[in-house]
Amino acid sequence: MASIILRDVCLDYPLYGAYDFSLKRRLLGRLAGASTPTPTIRAIDNISIEASAGARIGLAGPNGSGKSTLLRLIAGVYPASSGHVGITGNIVPLLGLNAGVNMDFVAAENISLLLRISGRKPTPAMIDEIWAFTELEERMQRLPLRMFSSGMLMRVLFATATAFPADILLLDEWLSVVDENFSAKAEQRLLKLVSQAAIVIIASHDHDLLRRTCTSIVHLDRGRIVNTVYPEIHSAYPFELREKRA
Ligand SMILES: Nc1ncnc2c1ncn2[C@@H]1O[C@H](COP(=O)(O)OP(=O)(O)OP(=O)(O)O)[C@@H](O)[C@H]1O
């Protein structure tokens, strides 16, 4: 049974390069007996959330409030700095372009890589099916991803990430660069994935979208939960995928 338990979770990003970390300065500091802790920024500050099957959670809040970081933490991209994180179920994170890909590898290799990261053993048939969904020319399978336009890249990543059902689906900025034709097809595939997933978490600036689709909306500010509201009417289906970003 899918579940998410976050208890008193904090996440600090190290701020490499934001200060003077020259070797000379650090050596002098060491000689003088001073310790030089890496400065950090607290992006997630003491957050507790529990979700079980059926939960549709919206994350709202101004730019920099921690929505994307929280999704990445749940996806396991970043470890928590403190607190307890308990996740049961397989996660499909749709967290934007480039996550987990190597732009110098050819498209087919990247599809294999992404499938392996998500715990599957890629077969030629799987890769062919994913490629067919992209509707890109056959020859492009053997080109490095850096030669793809952003829309083409999005097609490959989307087709791969949504190829298998998820227990937990995480949605951040998504689909904004895909052209009209692909978008309708992608929307159908995503709606199917949303309806099959036990838990869905959506980060968005579109409050109408969140009210229509979520069982609860968590408002964040500076990494903290300000409040949680429970919209009375929601539906897992009629959802507009083109988010309005602030
Ligand atoms: N890789 C990083 N390194 C250091 N700090 C980061 C990094 N990513 C995000 N931050 C900081 O963490 C905080 C939360 O950022 P995050 O991207 O999670 O916010 P957000 O709510 O998703 O914002 P937006 O609505 O603009 O997408 C911000 O203060 C941001 O500057």
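**Notebook: the sheet, helix H2 and the ligand shell**

I started with the sheet: six strands make an open sheet with mixed pairing, in the order S5-S6-S7-S3-S8-S9. I have to remember that this is a predicted model.

Next I checked the edges. Strand S5 (91–94) and strand S9 (224–229) sit there with a single partner strand each, so one side of each has no neighbour in the sheet. I also looked up the twist, and from one strand to the next it averages 15°.

A reminder to myself: strands of a sheet pair through backbone hydrogen bonds, either parallel or antiparallel. Then I picked one pair to look at. Strand S6 (residues 168–171) and strand S7 (residues 199–203) run parallel, and four bridges join them. Which residue in S7 is the bridge partner of Leu 170? I found Ile 201.

On to helix H2. H2 lies across strand S3 (56–60), S5, S6, S7 and strand S8 (216–221). I noted its direction too: H2 runs at about 150° to S7.

Last stop, the ligand. I listed the residues around the ligand: Tyr 13, Ile 41, Ala 43, Gly 61, Asn 63, Gly 64, Ser 65, Gly 66, Lys 67, Ser 68 and Thr 69. Strand S2 (40–52) and helix H2 (67–75) are the elements that give two or more residues to this shell. Which element gives the most? H2 does, with three residues. So much for who is there; I also sorted them by type. The shell divides into seven polar residues, three nonpolar and one charged.

My picture to keep: H2 lies across strands of the sheet, and H2 also gives the most residues to the shell around the ligand.

Conventions: Residues numbered from 1 in each chain as written. Predicted model: local features only at pLDDT ≥ 70, side-chain atom pairs only at ≥ 80, totals over all residues. Near = placed C-beta within 6 Å. Nonpolar A, V, L, I, M, F, W, Y, C, P; charged D, E, K, R; others polar. Pairing = 2+ DSSP bridges. Axes fitted to C-alpha atoms, helices over the stretch in contact; angles between N-to-C directions. Contact = placed C-beta atoms within 7 Å.
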